[in-house]
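Visitor: Please show me the model, so that we may discuss its strand pairing and helix packing.

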Amino acid sequence: MNVRIAAKQLGWLKMEDFCPRCVWLMQRHPIPQGSVYDSPISRFFSQFESFVQQSVRQRMEQAGEIPSWLSTALKIAFPSMPPVRRTLNPPTWSLRVEEGILTGKADVLLELADGTWLIADYKLSQPSTRFAPLYETQLNAYALMAKRQQKLAVSHLALIYFEPDERMFSPTPNLTLPMRCTVQPVSIWDESEVEALAKEMVNLLSQSQPPSPKPGCQKCGADLTEWAQMLAVWFLVESQ
Ligand code: SF4
């Protein structure tokens, strides 16, 4: 059986309150479109991300540089980073890992003046310490796939957070939303660390039966399908 693992999903293994049963249930019981648990919030997030991606691309095409709200935030996070040379539409990467396929698509792929690459993801929230292990894993999974599939020399990984900023209510030519942008650097791991996590996830998701509940936590005992869908919605909203 070929198990598909999303890069973000891999990060569950690094969460402090990781439960293998939760992960197995969410994989086997995705939220059906149109169900009461099919939240419009995820569509809002993806529209926002597309809007920002377009804004960066347009600025690059028109002026040969990324918007100032992004270059300023990048400079603060990476003071010695070379300037951005071009933006690329990130492809959907994939990588075979034993009986599974790791897959994912970053929000940002920038080539720097020295020929190396920055990969980043947008987050519409305050910088999160709770989900930091998950996001770091997600970005390192992207980096591994970009290196293997496209032979890119990845030199920087980053989380780009957007938060509402009530002081910025006059629209700017580059980003017409009252948002504050902060960049958080993410360290690049050894490739073997990401591969080990991917193998662990393949083994977990290949099991034919759900793993046992966590000791002391039996709430998922009754209706597994409904419980898994509620968990998936909670996770989607919490981890954006
Ligand atoms: S309710 Fe079940 S699936 Fe959820 S954390 Fe507890 S044991 Fe894991």
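Visitor: In which sense do β1 and strand β4 pair?

Guide: This is a predicted model, in which local features need pLDDT of at least 70, side-chain atom pairs count only at pLDDT 80 or more, and totals for chains, interfaces and linings use all residues. Residues are numbered from 1 along each chain as its sequence is written. Strands (E, at least two residues) are DSSP runs numbered from the N terminus, and two strands pair if DSSP finds at least two bridges between them. Four bridges link β1 to β4 (residues 100–104), and the sense is parallel.

Visitor: Which residue in β4 stands opposite V3?

Guide: β4 spans residues 100–104. The residue opposite V3 is G100.

Visitor: In what order do the three strands form the open sheet?

Guide: The pairing in this sheet is mixed. Its edge strands, each pairing on one side only, are β1 (3–6) and β3 (93–97). The order is β1-β4-β3.

Visitor: What angle does the direction of helix α5 make with that of β3?

Guide: Helices are DSSP runs of H or I with at least four residues. Contact requires C-beta atoms, placed from the backbone, within 7 Å, and α5 (residues 132–150) packs on the sheet, touching β3 and β4. Axes are lines fitted to C-alpha atoms, for helices over the stretch in contact, with angles from 0 to 180 degrees between N-to-C directions. The angle to β3 is about 90°.

Visitor: At what angle does helix α6 run to β1?

Guide: Helix α6 comprises residues 191–205 and lies across β1, β3 and β4. Its angle to β1 is about 130°.

Methods: Contact = placed C-beta atoms within 7 Å.
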